[in-house]
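Okay, thanks for coming, everyone. I'll walk you through one sheet today, strand by strand. Let me put it on the screen.

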Amino acid sequence: MKNPFITSAIQKRGMESFFIRPERPEDIDAIFEVNLQAFGQDGEARLVNALRDDGDYNRELSLVAVFGERIIGHILFPPIVIVSDTTETSALALAPLAVHQDFQCLGIGAALIEEGLKECQRLGHRIVVVVGHPTYYPKFGFTIARDFGIQAPFPCPDEAFMALSLASGALDGIHGTVRYPIAFDTVGAHTS
Ligand SMILES: CC(C)(COP(=O)(O)OP(=O)(O)OC[C@H]1O[C@@H](n2cnc3c(N)ncnc32)[C@H](O)[C@@H]1OP(=O)(O)O)[C@@H](O)C(=O)NCCC(=O)NCCS
């Protein structure tokens with residue numbers, strides 16, 4: 001199948017056999033497995049299933065990295081709301097992101113983020129928030145969310161809670177506390 005998501009990041013590394021595409025119904029078990037394997041626990045894998053069951057994400061924003069027939073990475077951008085006393089602003093979370101341990105540090109995570117953010121932008125989304133490694137996500141333009149007045153609804157070091165504007169001025173005047181889909185509370189995984 002012709003795939004529009006072959007990435008420059010992968011091509012640069014001479015690994016054209018990896019590609020990225022949106023999730024399909026038959027990917028559900030493999031997506032669970034790659035999250036379970038990458039995180040070494042099932043919280044994130046169950047979170048993805050719970051969000052899917054709740055209808056709480058757009059499948060165009062659930063992308064898999066495929067090597068041969070095998071799913072070796074996954075990224076999801078579920079919807080969130082940034083809530084202040086007077087406003088509610090729709091945005092996306094980047095969570096979770098998983099790359100199978102055998103394929104880490106090959107650029108797969110970066111490719112998933114880059115292609116995922118392009119898709120978010122193409123679909124008109126303007127803000128993405130992530131809880132994650134403070135040295136990893138700034139490479140993709142994420143900066144500390146608290147600097148914009150955006151807070152996590154749970155205890156989190158400032159440097160690990162980051163936001164990215166996908167449109168000019170998207171973060172201007174935005175402040176408040178992020179409200180995640182209910183599955184994040186029931187499953188208890190907020191990190192990317
Ligand atoms: C984090 C993760 C998604 C990165 O994917 P990846 O394909 O291995 O990453 P890439 O090849 O794109 O990037 C590699 C870079 O990320 C860094 N990196 C990888 N894992 C990292 C981590 N846990 N913390 C900080 N940096 C990390 C590497 O040091 C490397 O840095 P360099 O480019 O300066 O050498 C992957 O390691 C993973 O699935 N980890 C387990 C699950 C997880 O922690 N998810 C993210 C939660 S924030």
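Before I point at any pairs: when I say two strands pair, I mean that DSSP finds at least two bridges between them. And do keep in mind that this is a predicted model.

So, the overall picture. We've got 192 residues, and 39% of them count as buried. The protein has 5 helices and 11 strands, but I'll stick with one sheet. That one is open, with 4 strands in the order S1-S2-S3-S6 and antiparallel pairing. Strand S1, residues 18-22, and strand S6, residues 97-99, sit at the edges with a single partner strand each, so one side of each has no neighbour in the sheet. On average, neighbouring strands here are turned by 25° against each other, ignoring direction.

Now let's go across. S1 and S2, which is residues 62-67, are joined by 5 bridges, antiparallel. Which residue in S2 is the bridge partner of proline 22? That's leucine 63. Further along, phenylalanine 19 stands opposite valine 66 in S2.

Keep your eye on leucine 63, though, as it also has a bridge partner in S3, namely isoleucine 75. S2 and S3 run antiparallel too, with 6 bridges. The hairpin they make has 2 residues between the strands, and glycine 68 takes a positive phi there, near 65°.

Last bit: what packs on this sheet? Helix H2, residues 28-39, does, touching S2, S3 and S6. The direction of H2 makes about 80° with that of S3, which is residues 70-76.

Definitions and conventions:
Residues numbered from 1 in each chain as written. Predicted model: local features only at pLDDT ≥ 70, side-chain atom pairs only at ≥ 80, totals over all residues. Axes fitted to C-alpha atoms, helices over the stretch in contact; angles between N-to-C directions. Contact = placed C-beta atoms within 7 Å. Buried ≥ 20, exposed ≤ 12 C-beta atoms within 10 Å, placed from the backbone.
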